[in-house]
Amino acid sequence: MHNLTNRNVIQMDSEHSSYLQFRRLLEYPGLFHMITLKPWDVGTLSTWEKKEETARNTIKEIAEELQTDEQAFVRPCQTHSDHIRRIGEGERGIYPDFLADTDGLVTDVPGTALLLGFGDCTPLLFYDPVQKAIANIHSGWRGTLARIGSKAVTRMQEEFGSRPEDLICCIGPHIRSCHFEVDEDVYRMFAEGFSDFADFETFVRRDAARNKYFIDTTAINTEMLRLAGLKEENIIDSEVCTVCESSLCHSYRAEKAASGRMAAVIGIRKPE
Ligand SMILES: [Zn+2]
């Protein structure tokens with residue numbers, strides 16, 4: 001069977017579903033994480049009414065597989081914003097009211113599992129092994145434009161005293177430059193938004209005949225994190241494109257409105 005294991009991620013197959021884990025994050029026993037693959041589906045807020053049972057069941061099975069408590073999970077209502085919230089002791093739940101309009105979560109509370117949903121957008125999982133703090137960030141193209149990735153680094157500095165040079169960032173599966181085709185209006189937003197990059201044009205491939213642009217958001221997020229102070233070796237790319245791998249990944253581009261959502265989960269274990 002098709003398997004996405006590569007130098008940075010390992011594909012695991014459980015009795016319920018398959019999922020990916022980053023080799024680098026598996027080095028830390030105090031941490032748990034995963035990126036789910038099909039058939040697991042955590043849905044979206046708009047499909048919650050129709051698919052609540054599937055989503056709840058998926059979360060239950062994820063918890064089982066990660067050997068954590070279902071009650072540990074917290075999931076925000078994502079809106080492609082650049083809003084990041086710190087999760088405190090006891091702040092939990094699926095789509096709780098206090099997490100409306102939120103696309104990033106940070107915490108240092110053991111026994112907390114941060115869960116966000118993805119269907120082509122870029123998951124950024126952060127870990128600070130010194131301060132024992134984590135972040136889970138939803139960086140779609142709007143979030144990338146708003147630099148939510150570097151805002152997460154700033155936020156971890158402010159909240160936990162994290163040093164950028166200690167931070168590890170794992171970039172989950174997302175729509176990559178092979179498939180992220182946009183029209184001139186979006187290209188222009190990116191060109192203006194990243195005009196401070198030394199050579200933004202190296203992140204773009206043009207199809208002049210069709211007047212389309214392919215933007216490399218993987219490279220943009222990597223450069224953003226590098227500029228925020230992360231070390232090259234601490235920025236780890238899953239190297240998986242959700243559209244190329246839509247047999248295993250939920251993809252909005254590939255499956256349109258019917259598409260499900262993958263979960264990216266990161267959490268800190270409670271000491272025994
Ligand atoms: Zn692709």
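Donors of a metal are N, O and S atoms within 2.8 Å of it. By that definition, the zinc ion in this predicted model has donors that follow the spacing C-H-x61-C-x2-C along the chain. The model also contains a nonpolar core, the largest one having 29 residues.

**Zinc site**

- The protein donors of the zinc ion are the SG atoms of C178, C241 and C244 and the ND1 atom of H179.
- These donor atoms lie 2.1 to 2.3 Å from the zinc ion.
- The arrangement is tetrahedral because the four donor atoms subtend angles of 103 to 117 degrees around the zinc ion, and all angles between 85 and 135 degrees are required for that label.
- Ideal angles for four tetrahedral donors at a metal are 109.5 degrees.

**Chain positions and exposure of two donors**

- C178 is in the loop between β11 and β12 (181-182), while C241 is in the loop between β15 (235-237) and α6 (252-255).
- The pair is 63 residues apart and links distant parts of the chain.
- C178 has 37% relative accessibility and therefore counts as partly exposed.
- C241, with a relative accessible area of 5%, is buried, since the cut-off for buried is under 20%.

**Largest nonpolar core**

- Within the core of 29 residues, F22 and L25 have the most contacts.
- Two or more core residues come from each of β2 (18-22), β3 (31-36), β8 (112-118), β9 (122-128), β11 (168-171) and β16 (262-268).
- The most is given by β16, with four residues.
- Apart from neighbours within four places in sequence, L25 is in contact with L31, H33, Y127, I168, C170 and I266.

Definitions and conventions:
Residues are numbered from 1 along each chain as its sequence is written. This is a predicted model: local features need pLDDT of at least 70, side-chain atom pairs count only at pLDDT 80 or more; totals for chains, interfaces and linings use all residues. Side-chain values use heavy atoms; hydrogens and water are left out. A nonpolar core is a set of buried Ala, Val, Leu, Ile, Met, Phe, Trp, Tyr and Cys residues joined through side-chain atoms within 4.5 Å. Buried means under 20% relative accessible area, exposed over 50%, partly exposed in between (1.4 Å probe, protein chains only). Contact means heavy atoms within 4.5 Å. Donors are N, O and S atoms within 2.8 Å of the metal (3.2 Å for Na, K and Ca); water is not among the atoms, so sites may look incomplete. Four donors count as tetrahedral if all angles lie between 85 and 135 degrees; four count as square planar and six as octahedral if opposite donors are over 155 degrees apart and all others between 65 and 115; anything else is irregular.
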